[in-house]
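Student: I've got a fold to look at and a few things I'd like to talk through. Can we go over it together?

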Amino acid sequence: MSDVIQGYDFRIVSADGESTISFMLEQYVPGESPSISCAIEIKDHRFTGRGSNVWFTLHNFDTFAHQLRGKNVAPRIELASTFPEDFEMSVETLRFRKDQLAIRYFLSTGKYGANADRYEVRLSGGFEIDQACYLAMIEQFGRLAALPSLDTGNMQHP
């Protein structure tokens, strides 16, 4: 993977430092409807999960980043992958502490059994984030959404 691609990787960290959601940019596809593929790794205390080839349109990232910048997450804002069964994440205010934000997520991947039956493997959960993480998320999602405005000659790879 090129250094340019790795420059877009980022991590969301819980307020207690025990949980993370990491986004690793795998592929950028320009065009009429630019999109990206990410590997997503979630560590939530002792549970972990990883999915690769999780696709998003850059429009979804831009909309999500715009909503984050607006700082109006009541009751929640969502980011879903192109195939919503693969990944979804929301940022929301806590019911009883409106000044505290939480991330809720699920990550799913499929596997096939001996009889070609598909089995879904899913990790879901959530955690609280602090204000510093929220500000970093605004910058990180905005940076990914801005990919089409950059010289992307080095960014495409199979």
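Tutor: Sure, just remember that this is a predicted model. Fire away.

Student: Is S14 buried or exposed?

Tutor: Start with where it sits: S14 is in the loop between β1 (10-13) and β2 (19-29). Being in a loop doesn't settle the matter, so go to the accessibility, where buried means under 20%. S14 comes in at 4% relative accessibility, so it counts as buried.

Student: Which backbone nitrogen lies 3.2 Å from a polar atom of the S14 side chain?

Tutor: Leave out residues up to four places away and S14 touches S19, F127 and E128. The nitrogen you want isn't in that list, though. At 3.2 Å from a polar atom of the S14 side chain is the backbone nitrogen of E18.

Student: E128 came up there. What is the bridge partner of E128 in β7 and β8?

Tutor: Strands β7 (residues 101-112) and β8 (residues 118-129) run antiparallel and are joined by 12 bridges. Five residues sit between them in the hairpin, where A116 has a positive phi near 65 degrees. E128 is on the β8 side, and its bridge partner is A102.

Student: Which element gives the most to the largest nonpolar core?

Tutor: That core has 39 residues, and I12, F23 and F141 have the most contacts inside it. F23 is in contact with F141, among others. F141 is also one of the buried residues of the helix at 131-145, a 15-residue stretch reaching 21 Å from its first C-alpha to its last. With seven residues in the core, the element giving the most is α3.

How values were computed. Residues numbered from 1 in each chain as written. Predicted model: local features only at pLDDT ≥ 70, side-chain atom pairs only at ≥ 80, totals over all residues. Heavy atoms only, no water. Helix = DSSP H or I, 4+ residues; strand = E, 2+ residues; numbered from the N terminus. Expected span 1.5 Å × (residues − 1). Buried < 20%, exposed > 50% of the residue type's maximum accessible area, 1.4 Å probe, protein only. Polar contact = N/O pair within 3.5 Å; in protein donor to acceptor, adjacent residues only side chain to side chain. Contact = heavy atoms within 4.5 Å. Core = buried A, V, L, I, M, F, W, Y, C linked by side-chain atoms within 4.5 Å. Pairing = 2+ DSSP bridges.
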